[in-house]
Amino acid sequence: MNASQVKLIQLSFKEVAPAAEVAADVFYSRLFELDPSLRHLFRGDMQEQGKKLMQTLALVVTNLRTLDTIVPAVQKLGARHAGYGVRDEHYETVGTALLWTLGKCLGSSFTKETEEAWAAAYSLLANTMKEAAAAHVLTAV
Ligand code: HEM
């Protein structure tokens, strides 16, 4: 991710943040539309879950220039996700739902460049989580 991509992500997230609850609702609706079988993995209150997701995204977006400082927290998050029953292929569906949600929330300011920047950031995040989940599963057997 280059400096202009970091800027695009930070500026676009600023636009979404005031409507974080709506964004989270849109996101989960789209996610369960794309793959209804994911619904049973979520056992808690979805409003709370939406808040946690948006808070984590905010933390990542704030720290995009110093990602190494949050890698340990992201790895722990990935390891916990293995325990929630999340598998590698689910990250792709979540990524699709996330980009779709950003498009819905941002409208015409969701340019191709902004989309590519988000896709790159999500890939980084998802890959770090998946690697940590795999290592976690290996050490758990
Ligand atoms: C960038 C990717 C993701 C982020 C930032 C993220 C963030 C979070 C956060 C902050 C929590 C709260 C619990 C905790 O901290 O351990 C959580 C829980 C959870 N996430 Fe994710 N997540 C991501 C990807 C996924 C994917 C790919 C799935 C697959 C469907 C998923 C399914 C779940 C489930 C099932 C829970 C537990 C819900 C419950 O306890 O009811 N997440 N996620």
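In the predicted model, the shell of residues around the ligand divides into 12 nonpolar, 5 polar and 3 charged residues. Of the 20 residues around the ligand, those that come nearest are L41, G44, Y84, H90 and V94. Four helices each supply at least two residues of this shell, namely helix 3 (46-62), helix 4 (71-83), helix 5 (88-106) and helix 6 (112-140). The largest share, 4 residues, is contributed by helix 3.

Two of the helices that line the ligand also pack against helices from the N-terminal part of the chain. Helix 3 packs with helix 2 (residues 20-34) at an angle of about 110 degrees, and the two axes lie 9 Å apart. Because angles of 65 to 115 degrees count as roughly perpendicular, helix 2 and helix 3 are assigned to that class. On the side of helix 2, the contact is formed by A20, E21, A23, A24, D25 and Y28, and on the side of helix 3 by M46, G50, L53 and M54. These residues comprise 7 nonpolar, 1 polar and 2 charged.

Helix 5 is in turn crossed by helix 1 (residues 3-16), at roughly 65 degrees and with the axes coming within 10 Å. Helix 1 is therefore roughly perpendicular to helix 5, and the crossing is left-handed. Helix 1 contributes S12, E15 and V16 to the contact, whereas helix 5 contributes L102, C105 and L106. By class, the residues of this contact divide into 4 nonpolar, 1 polar and 1 charged.

Methods: Residues are numbered from 1 along each chain as its sequence is written. This is a predicted model: local features need pLDDT of at least 70, side-chain atom pairs count only at pLDDT 80 or more; totals for chains, interfaces and linings use all residues. A residue is near a molecule or strand if its C-beta atom, placed from the backbone, lies within 6 Å of it. Ala, Val, Leu, Ile, Met, Phe, Trp, Tyr, Cys and Pro count as nonpolar, Asp, Glu, Lys and Arg as charged, and the others, Gly among them, as polar. Axes are lines fitted to C-alpha atoms, for helices over the stretch in contact, and angles run from 0 to 180 degrees between N-to-C directions. Angles under 35 degrees count as roughly parallel, over 145 as roughly antiparallel, 65 to 115 as roughly perpendicular and the rest as oblique. Two residues are in contact if their C-beta atoms, placed from the backbone, lie within 7 Å. A crossing is left-handed if the near helix is turned anticlockwise from the far one by less than a right angle, and right-handed if clockwise.
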